[in-house]
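Open the model in your viewer and keep the selection panel at hand. We will move from one chain to the other, a stop at a time.

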Amino acid sequence: MKLGHNTRSRVIIASSFLVALVLSILPWPVWTEQFRPDWVALVLIYWCIALPTRVGVGTAWSVGLILDVLYGSMLGENALAKSLIAFLAVRFHLQLRMFPRWQQAVVVLLLIAANNLLVLWIKHLAGQAPATWGYLTPSIVSMLLWPWLFVILRDIRRHGNVS
Amino acid sequence: MLQVSHWHIRAPSNLTRFLLLALLSVSLMLLDARGHHLQKIRAGLTVLFVPIQIVAAFPVRVGSAVIDFIRGDESLRKEIARLHAEQPILLARLEKFEAIEAENAHLRQLLGTSALVADRAVAAELLEVASEPYRHAVVIAKGAKDGLYLGQPVIDAYGIRGQVSEVGILQSTAILITDPSHAIPVQVNRNGLRAIAFGTGTADSVSIRYLTASADIKEGDLLVSSGIGGGFPFGYPVAKVVKIVNDPNESFLDISATPVAQLSHNKEVLLIWPAKSNIPADAKKPTDNNKPVVRNNPAEPKKPVATRKPAEASPPANAPRPAISEPAKPAEGEPPP
């Protein structure tokens with residue numbers, strides 16, 4: 001029973017990441033592209049706050065690496081950015097749990113903006129950065145989505161009894 | 001229920017793990033960016049995660065199938081009629097083109113330069129997946145087994161779309177000419193003035209850099225690939241100049257151009273194998289990519305053909321490029337109005 005519970009938790013967490021990855025490369029009209037929220041980061045932040053013992057820097061790194069492969073970006077680019085998010089989220093997960101939802105959303109904004117700036121910085125070092133502030137719009141969209149996603153993932157966690 | 005006490009035990013390990021993984025990421029990036037040592041690993045990983053891409057492409061597939069179903073026979077019949085009407089015109093044009101091509105080859109023989117031979121082209125389907133924000137890439141459903149190679153030109157019916165940036169086993173990635181890491185040597189079709197078109201990261205614009213105010217370039221000029229650098233064959237339409245800004249404070253003109261290929265249409269592309277011994281054998285020798293800009297940019301900081309991966313597409317030394325001896329050859333596929 002213990003093993004079964006453990007496995008089921010893992011499957012549920014892994015599926016949520018898979019859905020986030022699919023959403024990250026789901027094609028949309030070109031003009032919407034700059035508004036695409038950072039699904040992977042959102043899901044990652046939720047699990048890091050809710051279950052920091054289960055999802056942490058290691059998970060973040062692996063998922064980031066998959067994202068790098070799917071995006072065709074430099075290997076390690078998103079992996080580094082996502083593990084930064086996970087590190088900060090796990091580091092402050094106790095405080096974050098106590099925050100009201102909107103305050104969490106602001107933190108999400110900051111985390112994802114840090115993620116985007118790190119990616120932008122790496123791209124700049126590699127000489128392939130687009131010079132535009134639009135790079136930060138995904139973090140704003142992600143912030144607006146956070147409260148809804150939080151509720152959805154919390155319900156999934158409770159129904160699936162993930163811990 | 002979540003053991004708070006664990007937090008105190010785990011804290012150092014969390015930081016340590018982050019630092020270790022950060023170090024690993026940085027070394028991965030260095031390996032990937034510098035020597036492309038990770039091609040094999042990346043190809044393997046790509047195959048592993050193809051299912052995710054297939055799932056992501058699924059909705060669009062279903063969507064277009066549904067649309068086809070709703071449109072029904074009537075519109076298909078119309079389309080067939082239109083194509084029937086179009087075909088003779090195209091054939092007639094092609095006939096003439098063949099005659100001109102033969103004449104051109106003959107003249108080139110007289111001049112002692114090598115003839116331009118038609119390139120081999122194969123149509124390839126695209127997998128409808130989005131790329132990273134501000135990167136412009138497409139996934140092609142063909143891979144190494146179909147003979148694709150790094151730096152291979154990707155075109156459509158109207159002009160050059162981009163080049164293959166990553167060859168997988170089953171599928172490959174191509175960056176478009178609008179990708180910020182892409183650059184293509186071009187020349188003005190009207191007078192043969194050479195330049196380089198850089199991707200900007202915005203969907204419908206490339207920028208022409210390092211042309212001085214005295215350069216003979218006008219709005220509306222068609223830019224075709226110049227064939228210098230060896231990656232792209234000569235004479236394919238690339239972009240149309242839309243705006244030229246001459247800021248006296250800047251050393252160079254600020255020129256933006258719109259790609260003539262339909263970059264946002266995710267249907268099908270053509271992969272071409274440039275004729276003659278143009279296929280780069282993953283050459284390690286120093287490229288002469290510097291050539292195209294030397295004229296215009298005495299102080300250009302970064303490498304001119306700044307494509308991240310396909311930059312090795314170096315031309316074989318024996319292939320004389322046509323661009324020098326020839327000021328204004330009409331592009332073979334004059335884009336439709």
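The tour begins with some housekeeping, then visits chain A and chain B.

This is a predicted model, in which local features need pLDDT of at least 70 and side-chain atom pairs count only at pLDDT 80 or more, while totals for chains, interfaces and linings use all residues. Residues are numbered from 1 along each chain as its sequence is written, chains are lettered from A and ligands numbered from 1 in the order in which they are written, and side-chain values use heavy atoms, with hydrogens and water left out.

**Stop 1: chain A as a whole.** Select chain A and colour by secondary structure: you will find seven helices and zero strands. Helices (H or I, at least four residues) and strands (E, at least two) are DSSP runs, numbered from the N terminus. Along the principal axes, the C-alpha atoms of chain A fill a box of roughly 50 × 30 × 30 Å. Its radius of gyration is 16 Å, which agrees with the value near 15 Å for a compact globule of 163 residues (taken over C-alpha atoms; the globule rule is 2.2 Å times the number of residues to the power 0.38).

**Stop 2: H2(A) and H4(A).** Next, select residues 39–50 and 77–91 of chain A, which are helices H2 and H4; they pack at an angle of about 30 degrees, with axes 9 Å apart. Axes are lines fitted to C-alpha atoms, for helices over the stretch in contact, and angles run from 0 to 180 degrees between N-to-C directions. H2(A) is therefore roughly parallel to H4(A) (angles under 35 degrees count as roughly parallel, over 145 as roughly antiparallel, 65 to 115 as roughly perpendicular and the rest as oblique). Show side chains: among those in contact (heavy atoms within 4.5 Å) are Leu44(A) and Ile45(A) from H2(A), and Ile85(A) and Val90(A) from H4(A).

**Stop 3: H3(A) against H4(A).** Keep H4(A) and add residues 57–71, helix H3 of chain A; the two axes come within 7 Å and cross at roughly 150 degrees. H3(A) is thus roughly antiparallel to H4(A). Look for Trp61(A) and Tyr71(A) of H3(A) and Phe87(A) of H4(A), which are among the contact residues.

**Stop 4: the barrel of chain B.** Now switch to chain B, where six strands form a closed barrel in the order S1-S2-S5-S4-S3-S12, with antiparallel pairing (two strands pair if DSSP finds at least two bridges between them). The twist averages 45 degrees from one strand to the next. Zoom in on S4(B), residues 160–167, and S5(B), residues 172–176, which pair over five bridges. Gly162(B) has Leu176(B) as its bridge partner in S5(B).

**Stop 5: H3(B).** Finally, select residues 50–111 of chain B: this helix, H3, lies across strands S1 (120–127) and S2 (137–140), running at about 90 degrees to S1(B).
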